[in-house]
Amino acid sequence: LADAVVSIARAEEKIAALIEDTRDIKVAVNNTYERLHDVELATTKNTSDLKTLNKFFWIIASATITVAVSAFVVAEGVI
């Protein structure tokens, strides 16, 4: 009977430890989920900013090329 009581006590200790570990894992998963959500929001914002910057770059590049070609044409007297 004493061995059975000791075995039950050990099993209860293991169950208590497992419950505590499960709580810790749930907290860690929730924290990770929140951090991942924050990263998703930042990525979406950065993507939008990069699209805008890309458009601005090509507008400036196009304008520069247009001015350079116009200057060349005027300098050569083509028109």
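Trp-58 is a good place to begin in this predicted model: with a relative accessible area of 51%, Trp-58 counts as exposed, because the cut-off for that class is over 50%. Phe-57 has a relative accessible area of 48%, so Phe-57 is classed as partly exposed.

These two residues also belong together in another way. The structure holds 1 aromatic pair, and its members are Phe-57 and Trp-58, with ring centres 5.0 Å apart and planes at 75 degrees. The pair is edge-to-face because planes over 60 degrees apart fall into that class. In general, two numbers describe such a pair: the distance of the centres and the angle of the planes.

Now let us turn to the nonpolar surface. Leu-50, Leu-53, Phe-56, Ile-59 and Ile-60 make a nonpolar patch of about 530 Å² there. Take Leu-53 as one of its members: Leu-53 sits in helix H1, which covers residues 2-76, and is exposed, with a relative accessible area of 52%.

Stepping back to the whole chain, you will find 1 helix and 0 strands. Along the principal axes, the C-alpha atoms fill a box of roughly 110 × 15 × 10 Å. The radius of gyration of the chain is 34 Å, whereas a compact globule of 79 residues would have one near 12 Å.

How much of the chain is buried? Buried residues make up 3% of the 79 residues. As for the accessible surface, the chain has about 7,400 Å² of it, and carbon and sulfur atoms account for 68%.

Conventions. Residues numbered from 1 in each chain as written. Predicted model: local features only at pLDDT ≥ 70, side-chain atom pairs only at ≥ 80, totals over all residues. Heavy atoms only, no water. Patch = residues over 30% accessible without salt bridge, like charges linked within 9 Å, V, L, I, M, F, W, Y side chains within 5 Å. Areas by Shrake-Rupley, 256 points an atom, 1.4 Å probe, with all protein chains shown as cover. Salt bridge = Lys/Arg side-chain N within 4 Å of Asp/Glu carboxyl O. Helix = DSSP H or I, 4+ residues; strand = E, 2+ residues; numbered from the N terminus. Buried < 20%, exposed > 50% of the residue type's maximum accessible area, 1.4 Å probe, protein only. Phe/Tyr/Trp six-rings, centres within 6.5 Å; stacked < 30°, edge-to-face > 60°. Rg over C-alpha atoms; globule rule 2.2 N^0.38 Å.
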